[in-house]
Structures are given as structure tokens and as C-alpha cells.
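Me: I have just opened this structure and would like to look closely at a single part of it. Could you pick one helix and walk me through its surroundings?

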Amino acid sequence: MTKEILIAPSILAADFARLGEEIAAIDAAGADWIHCDVMDGHFVPNISFGADVIKAIRPLTKKVFDVHLMIAPVDPYLEAFAKAGADVITVHAEAGPHLDRSLQAIRALGKKAGVSLCPATPEAAVQHVLDRIDLVLVMTVNPGFGGQSFLESQIDKIRRIRTMIGDRPIRLEVDGGITRDNAVAVAGAGADTLVAGSAVFRGRDGIEYAANIAAIRLAAETARVAGLHDTSAQPARARETARIR
């Protein structure tokens, strides 16, 4: 099932001194989702922000809040992020012993559920929870810091996960070092939701943000329209425009 390409700017790369203005700017610039990278300094070697920040910026946009929890343990905090305004809550397969239970908890809170995989984690980690999730997030950098270089080794994993998903209504998201240059390969391998931080927030105003988002989207859409699969020609598939809402 081929889905419309969505671009989800990561606010980790925003200017935190004027975060409200940055949210408004990427909203107006054409962001589909707002990606919120939550780091705890334990599961990953950095601390970003928590549920209170998400709650504070939630009234500033109606766009989907795509909340990526890089924290462990994660279960005690799911309700706080749901109440703060998360629409999609993604947890790491590596962050706890009971992934299935965490996903059930997210669904019970009325939110879309996602699973993220670190670069060294095989796709088999999501095989037995595919019917409980709305999104798989493939990390194309080691989580914990913004501005890292894209790991091309993850392209094959993206392709394999796309095959695993099949016709299920699950989005395949990619996060880490995404630019207009590698968006072709990422989308060609089967990703339909692209997280970009530095590549979007490069520049000084909303006009530049809009150009950055448009460039990434065009590269990804070009790959999809051409029917590329991991940069190799394949038969084109029909587009489907449903969004997670």
C-alpha cells in the first residue's frame, strides 16, 4: 500500500529561544506532522524536553504531533504525553521488556502507536506486533543527537520492513540525517514519512523552511512516482492519500 509522502520536521533542530515562532513557521511552511524528539539522558546520551513543553506548544498548531519517546522506562510516562497532546506516540523496541504491553497502553489512551528501531536492531523486533501499530520508525542515525550523518546501511532494513508491512495501514517513517539528497533512496526503499531536522530548519525564516520542506518532498515524490525501489527501477504503484489523524 503506497501512501502519500509526509514531511515531519523535528523541532529538536529548532531555535528553542523562540520555539513558538518556529512551530508557527513550519506549520505555514507546509509541514505535515510536527516531530517531537523526547530524550531522557539515560536511554540516549542527551536530554531534550518533556511533556510540559509539548503541552505548551500544542495550541500553536493543528498538525499531528508525532512524539518519539527515546526514554526508558517508557510506560510510566505514556499517559503524560497523551494528555499533553501527542497524536502518535512512538516507543523504542529496545527501551523495555514488554513492547506489546506498551503498545496496548498507547492504544488504550486513544493514541496511534509506533515502534522505533535503532540502527543495530533487526526488523524482526516488530514482526510480532505489526497488528498493534500504526507506524514503524527506522532510525538512520544512532539516537541521541541531532545533525548526524545518514547511515546508508539502513536502506536495506527499510526495504525489508516495507515488505513485512505489506498491505497493513502502517506508516513507515525514517528519522536521522534526512536531506533532499538521500530522500530519493529512502522513499524508493519504501518509506512514506520523512523526519528532517537540520535540513528543514536551515535558514532564517519561514520562506526558507518552506523551500527546504518542498525540496525534500519533491525528491521523495520523484522516487515514488518513478516507482523506484532502493534506487532501482520497479513497477509504479498507485498512491493512497490517507493520513493518520
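Reply: Happy to help: we will start with the whole chain and then turn to one helix. Keep in mind that this is a predicted model. The chain holds eight helices and twelve strands, and its C-alpha trace spans about 45 × 45 × 30 Å along the principal axes. A compact globule of 245 residues would have a radius of gyration near 18 Å, and the chain, with 16 Å, agrees with that. Of its 245 residues, 53% count as buried. Among contacts between residues at least 6 apart in sequence, 67% join residues at least 24 apart.

Now for our helix, α5, which covers residues 155-165. Which of its residues are buried? They are Ile155, Lys157, Ile158, Ile161, Arg162 and Ile165. Notice that Lys157 and Arg162 are listed there along with the isoleucines. Why do these buried residues lie on the same side of α5? Because they cover an arc of only 155° around the axis, they are placed on one side of the helix.

Next, look at what that side meets. The buried residues of α5 pack against three strands, β6 (112-117), β7 (135-139) and β8 (171-175). They also pack against a helix, α6 (183-188).

Finally, follow the chain to the end of the helix. Just after α5 comes glycine 166, which takes a positive phi of about 60°. To find this spot in your viewer, go to Ile165, one of the buried residues of α5, and then step on to glycine 166.

How values were computed
Residues are numbered from 1 along each chain as its sequence is written. This is a predicted model: local features need pLDDT of at least 70, side-chain atom pairs count only at pLDDT 80 or more; totals for chains, interfaces and linings use all residues. Side-chain values use heavy atoms; hydrogens and water are left out. Helices (H or I, at least four residues) and strands (E, at least two) are DSSP runs, numbered from the N terminus. The radius of gyration is taken over C-alpha atoms; the globule rule is 2.2 Å times the number of residues to the power 0.38. Buried means under 20% relative accessible area, exposed over 50%, partly exposed in between (1.4 Å probe, protein chains only). Contact means heavy atoms within 4.5 Å. The arc is that of the directions from the helix axis to the C-beta atoms.
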